[in-house]
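Thanks for making time this morning. I would like to walk through one model, going from the whole chain down to single side chains.

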Amino acid sequence: LVVVVELVVVVVLELVVVDVLVVELELVVVVELVVVVVLVVELVVELVVVVVDVLELELVVVLELVVVVVVVLVVVLVLVLVLVPVLVLVLELVVVVVVVLVVVLELVLVLVLVLVPVLVPVLVLVLVLVLVLVL
């Protein structure tokens, strides 16, 4: 009977040891799973950080493009605001020059129209006198 009890105790102890070993193995597996989950979470966090960095860079590039477009628009606006009055002044000068030329041409025409009737008889008289003197 003692041997049977010893055998039962040994079997129970072996079962307890096996159970403890199984529990240890399960704990090791659980710990390994926790480590794998932690690693996956770290990877996800790194990916999120990379995505956020890329988005920040894209936002910076977009903002810089907006700034460049605004600067170009301001330069074009300033050029238009400066060039339009200058062009208006140049056009006014051209108009003044054309008006002066028209007035000068009118004066020349008036002089020609007034002087031709007076000069033609004088020239004819001079020619007649020269011819009389020469002949």
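Let me begin with a definition: the expected span of a helix is 1.5 Å times one less than its number of residues, and helices (H or I, at least four residues) and strands (E, at least two) are DSSP runs, numbered from the N terminus. What you see is a predicted model, in which local features need pLDDT of at least 70 and side-chain atom pairs count only at pLDDT 80 or more, while totals for chains, interfaces and linings use all residues. Residues are numbered from 1 along each chain as its sequence is written, and side-chain values use heavy atoms, with hydrogens and water left out.

The protein chain has 1 helix and 0 strands. Its radius of gyration, taken over C-alpha atoms, is 57 Å, well over the 14 Å given for 135 residues by the globule rule (2.2 Å times the number of residues to the power 0.38), so the chain is more spread out than a compact globule. Along the principal axes, the C-alpha atoms fill a box of roughly 190 × 30 × 15 Å.

How far apart are the end C-alpha atoms of helix 1? They are separated by 185 Å, which agrees with the 198 Å that its 133 residues should span at 1.5 Å a residue. There is, however, a kink of about 35 degrees at Val116, shortly before the proline Pro117, where the bend is the angle between axes fitted to the seven residues ending there and the seven starting there.

Turning to the surface, 0% of the 135 residues count as buried (under 20% relative accessible area, with exposed over 50% and partly exposed in between, for a 1.4 Å probe and protein chains only). The accessible surface of the chain, from the Shrake-Rupley method with a 1.4 Å probe, comes to about 12,100 Å², and 90% of that belongs to carbon and sulfur atoms.

Let me close with three residues of helix 1. Val3 lies in this helix and counts as exposed because its relative accessibility is 53%; its C-alpha atom is 77 Å from that of Glu56, 53 residues apart along the chain. Leu63, also in helix 1, counts as exposed at 54%, whereas Val86 is partly exposed at 41%.
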